[in-house]
Amino acid sequence: MSVLTVPYDVVSAYESFVEEFRKAVEGADGQVLLAVPLKSCFVRAERDNVNFDFYLYLKGCPCSKLPSRKRLDVLIRAKETLERKSWSLTRSTVYLNYLVLSNAKLRAIRCLHFDFDEMAQSGHPFFHVQLVDSLIPHDLRTFGLDHTPRPPHQSNHEWIPSRIPTPDMTLASVLYCLAADHLGDERFAQFEERVRTIQDRLPVLRFDALKQSLGASKHLKHFKSSHWYAHSRA
Amino acid sequence: MPTKLKVVLFEDTESTRSELVKDLRQQLRGGEVVPFVDFRETESEARRMYEDRIADILQRPPYASATLLLADRNLAKSPNFLGLSVNAVAGAARRLAIPICSYARQQATDEYEWRGRWQEGHIVLSYETDEEMARKAVLAAKGFATLTSNLPKALRDKSNDSPAKVLAAVLGKPEYADKIALYSVGDQNRLSAIPPKPKEGKRQRTKRMACFLGYWLWDSLLRYPGLLVNETAAASHLNIAVKDFRKPRIRAVFEKALYRGPFADPRNPQWWRGILDDIVSGKGVDDGLALARKAVGGKIDFCRCSVDRSRPAGYYCIISKKPVSLENSKGGLSWLPRGADLTRISNPQFEEFGPWLGT
């Protein structure tokens, strides 16, 4: 599939967001590694769509629960589809592998992915997370790393059918949450401030059914998970 | 831009000096070229450090208010300044916030451009002919004059609270401030530009900021493709063979992206990469090649990777100065500006220069 040119606004929004994340992580003594420049992550897809396929490695993610002789890394793959006419997101799957390096061995401790499809399936929450067993199939040498991750000790097999509703967890949201979870309050507050305007520039996804459900009749004054299945009733 | 530019020339060989003065005057057309030869000093003044003496002399007629200093790197034969090198002149220039270009009148090697002296804190001109060097020096002088003249307005806007935002405003491209900021990551050179105490006046601070921004623009943003792209990098990014990209009808398709800011060089044009992207994506085509074929027709080749000619390129090797593909090159090296995402090093070059290039 051939790389194609996207509007500079789109590339630069992703670039700016990733760079702010990188700065925040480096401030916490971590490293953000990219496999491929952003420009090469946009490829032509079917029906006048564009696929964005992006890999990021967070090396040395601060983790208060790990002893200092171990290191937490996070491998992320974002597979997003944009509609070329509007440059809005129609699909997004962001895969995460949480990896621990211990005694020179790298092992996954948790694998999950956040999923969204504009043509949402019945019985699936509009945006959801699933715990899975599969490692992201990617050679870490593209990041300049020598390790090959091993699968988790503990299987998530029984969890796989469970889909937990989430908000928009496209790439930017995932990085946002990682910053909140791991970088400490002060650093997160700075990051939050710096990405506020960048978030508005990123491609958006349409969530009409969910939005309508949330703003619906006066009887519905809650934020319950049923809203995340509103597309099934539309 | 101010109407009259003044270039002060430091050249210790008389014959070279008169040739250069002639070439500079031809390029400046109405500006002033003042060779650094005639000055008076008292005996006690002449016993001081060279940098102090030069700084004082430069503040007196006929040298005062210079737009640019142009200095030979070896000034050892200078009367009254035996053994002088460009370092003392550069020190004086830094103190007075006057931009300086230095040169060595030997033919530059092919390796000069990429390994060249960007750490020195001033512009080092490569040498081809006297005429070409004079042309580049005048380009630099005009560029710095434009920056100095446009800076006050950019600095009055309080939202321009970083060098990247200031430069983006001066270039008329505030939307590229984030990208420009990525050219400063890891750059320690800026620390030496901070004015010494006691605090300088506003005018002097503006001149100093113009120097800093000018060096940054010349030696980083215009050197490493990412925000701006030279001809080969533009062709590679657009996926148009360089020889085809040179054709006027194809150039015309991308005219709107041509860089016309400070230091714009008609012999070595550059383009705004962001505007190139928008021109292509605005037409609903995949790349510049598709747009060129649609707009101009005829046989237009894709831009071939210089390592594997069966592959389209897309990137630019800073050492070979040729188009290169992602798969046949290395990027993201720690010494490359982070904003220069189109700049890479081809694998053969990387193997040749091995450990020096790092990761």
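A:Asp117 sits in between the two extremes of exposure: its relative accessibility is 25%, so it counts as partly exposed. Keep in mind that what you're looking at is a predicted model. To find this aspartate, follow chain A to strand β6, which covers residues 105–117.

Who are its neighbours? Leaving aside residues up to four places away in sequence, A:Asp117 touches A:Thr90, A:Arg91 and A:Phe126. With A:Arg91 there's something extra: the two side chains are joined by a polar contact of 3.4 Å. You can also look across to A:Thr81, which is 36 residues away along the chain, yet its C-alpha atom is 9.3 Å from that of A:Asp117.

Now let's move on to helix α2 of chain A. This helix runs through residues 171–182, so to speak, with 12 residues in all. From its first C-alpha to its last it reaches 17 Å, close to the 16 Å expected at 1.5 Å a residue.

Is α2(A) mostly enclosed or mostly open? It is largely enclosed by the rest of the structure, because 9 of its 12 residues are buried. Among those buried residues are A:Leu171, A:Val174, A:Leu175, A:Tyr176 and A:His182; A:Ser173 is on the list too.

And what does the covering? Part of the job falls to helices α1 (8–27) and α3 (185–201) of chain A. Strands join in as well, including β3 (49–61), β4 (71–83) and β5 (88–102). Strand β6 is also part of the cover, and that's the strand where we found A:Asp117.

Finally, step past the end of the helix: α2(A) is followed by A:Gly184, which has a positive phi, near 85 degrees.

Technical notes:
Residues are numbered from 1 along each chain as its sequence is written. Chains are lettered from A and ligands numbered from 1 in the order in which they are written. This is a predicted model: local features need pLDDT of at least 70, side-chain atom pairs count only at pLDDT 80 or more; totals for chains, interfaces and linings use all residues. Side-chain values use heavy atoms; hydrogens and water are left out. Helices (H or I, at least four residues) and strands (E, at least two) are DSSP runs, numbered from the N terminus. Buried means under 20% relative accessible area, exposed over 50%, partly exposed in between (1.4 Å probe, protein chains only). Contact means heavy atoms within 4.5 Å. A polar contact is a pair of N or O atoms within 3.5 Å; within protein, one must be able to donate a hydrogen and the other to accept it, and residues adjacent in sequence count only if both atoms are side-chain atoms. The expected span of a helix is 1.5 Å times one less than its number of residues.
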